[in-house]
Amino acid sequence: MITGRLDPDRLVEQACQTAGSDDFGDDDTWREGLNRLCDGLVHEARLNDLGVEIAAMDVVRALTGRLQIVRWRTQNPDVGTRPVCRPIFIVGQPRTGTTILFDLLSQDPALRPPLTWEVDNPHPLPRPETYGTDPRIAETQAALEVSEQIVPGLLAHHPMGALVGQECVRITAAQFCSMIFSVQYRLPGYYRWLLYEADHGPAYRYHRMFLQHLQSAVAGQWLLKSPAHLWQLDKLVAEYPDALIVQTHRDPLNVISSVSALTHHLRRLASDDSSITDCAAQSCEEIIVGLERGMTLRDSGALAGQKVIDVQFADFMRDPLATVAGLYRELGRDLEPGAEMRMRQYLEDHPGDRGGNRYRWADTGLDADKVREQVRGYQQRYGVPDEPIR
């Protein structure tokens, strides 16, 4: 049953029927990722019956969006000629303040984050006059709230909303070369392929296609975010040579325990067999590889001439607006009074709990001294202080 429901050809056929098109464009590199993903979903993900349906819907949604975007570009070839100018990318390890920084900067009317509802439903194009009232907003919000009903507390771990900026991994899901799948599902073979073998260049080309699609209706300077960019900074700047990069920094040990707890909660949507220790082993490997790869790329000249601004998690938590003001100076932007006022209001409305007691290092099953030694070079390179281990 599961093999048939998650057969890649069957899912492609379903998406073609939904989109009313079978034209995926000239680039078929996405098929390798799709095949690897479906194989992992069948043989490694330990999906329950609901999880099979969730996974199938995830794949079909991504394929359908790709088909719709290709058709629109074919009908409107000028869309592909429009530049994506000076996009701002927030990168860094997961759970290092990337989300709150992203949400805070999104309060600036001069910046354009891709919102969850338009990322999940990119066709028909969003329109400026209905950007805040489109019926797809309510549909997307309802789907998110169902997730909270299945796994209570999920949105506390990772707040999501239809009108909230969405991460780039949900865009590159349509290339099937995206960490979104290996976080949401247990996919050891797929995540190692992503980490060590996959060519992420086509994913960034599709990423540009997606932004061109959305900006053809609602323009603005893009504000983008995903920790996954840290692993592929060279591919990012190859596609966006004028990108402005903001890298957040935090003690990796608390990062690992926090992201392990989040991953465990996400996987419980689709599986009855998930453990934090399993999630922690994967997270630890990914974090260490990502930090080392990021340092190597930044020191090798691969990012020569690129604007990269470092933000310390501790500084941001201590004084968010002072950190944002400093960031704007580094970006060469003026923090307009109206934008600052909106940011202040956002902070008042979203005080947060700084993680509360949602994660503990003891749950990871990892050796703290060993991991500390593995990340010490990164901490020294960027002056990242040790935090008390929770």
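1. The sheet first: five strands form an open sheet in the order E2-E3-E1-E4-E5, with parallel pairing. Strands here are DSSP runs of E with at least two residues, and helices are runs of H or I with at least four, numbered from the N terminus; two strands pair if DSSP finds at least two bridges between them. At the edges sit E2 (111–112) and E5 (307–312), each pairing on one side only.

2. A word on provenance. This is a predicted model, where local features need pLDDT of at least 70 and side-chain atom pairs count only at pLDDT 80 or more, while totals for chains, interfaces and linings use all residues. Residues are numbered from 1 along each chain as its sequence is written, and side-chain values use heavy atoms, with hydrogens and water left out.

3. Now strand E1. Five of its five residues are buried, so E1 is largely enclosed by the rest of the structure; buried means under 20% relative accessible area, with exposed over 50% and partly exposed in between (1.4 Å probe, protein chains only). Ile88, Ile90 and Gly92 point one way from E1, and Phe89 and Val91 point the other way. That fits a general pattern: in a regular strand the side chains alternate between the two faces of the sheet.

4. What does E1 pair with? Three bridges join E1 to E3 in parallel, with Phe89 opposite Leu224 in E3. E1 also pairs with E4 in the parallel sense, over five bridges, and there Gly92 stands opposite Thr248.

5. Over at the E2 edge, E2 and E3 (residues 221–225) run parallel over two bridges, and Arg112 faces Trp222 in E3. Helix H5 (residues 98–105) packs on the sheet, touching E1, E2, E3 and E4; contact means heavy atoms within 4.5 Å.

6. Away from the sheet, have a look at H2 (residues 8–19) and H4 (residues 49–75), which pack at about 50° with their axes 8 Å apart. Axes are lines fitted to C-alpha atoms, for helices over the stretch in contact, and angles run from 0 to 180 degrees between N-to-C directions. H2 and H4 are therefore oblique to each other: under 35 degrees counts as roughly parallel, over 145 as roughly antiparallel, 65 to 115 as roughly perpendicular and the rest as oblique. Residues that meet here include Leu11 and Val12 in H2, and Val59 and Leu63 in H4.

7. Last, Ser258 in helix H14 (residues 252–267). Ser258 is buried, at 4% relative accessible area, and touches Arg95 and Tyr359, not counting residues up to four places away in sequence.
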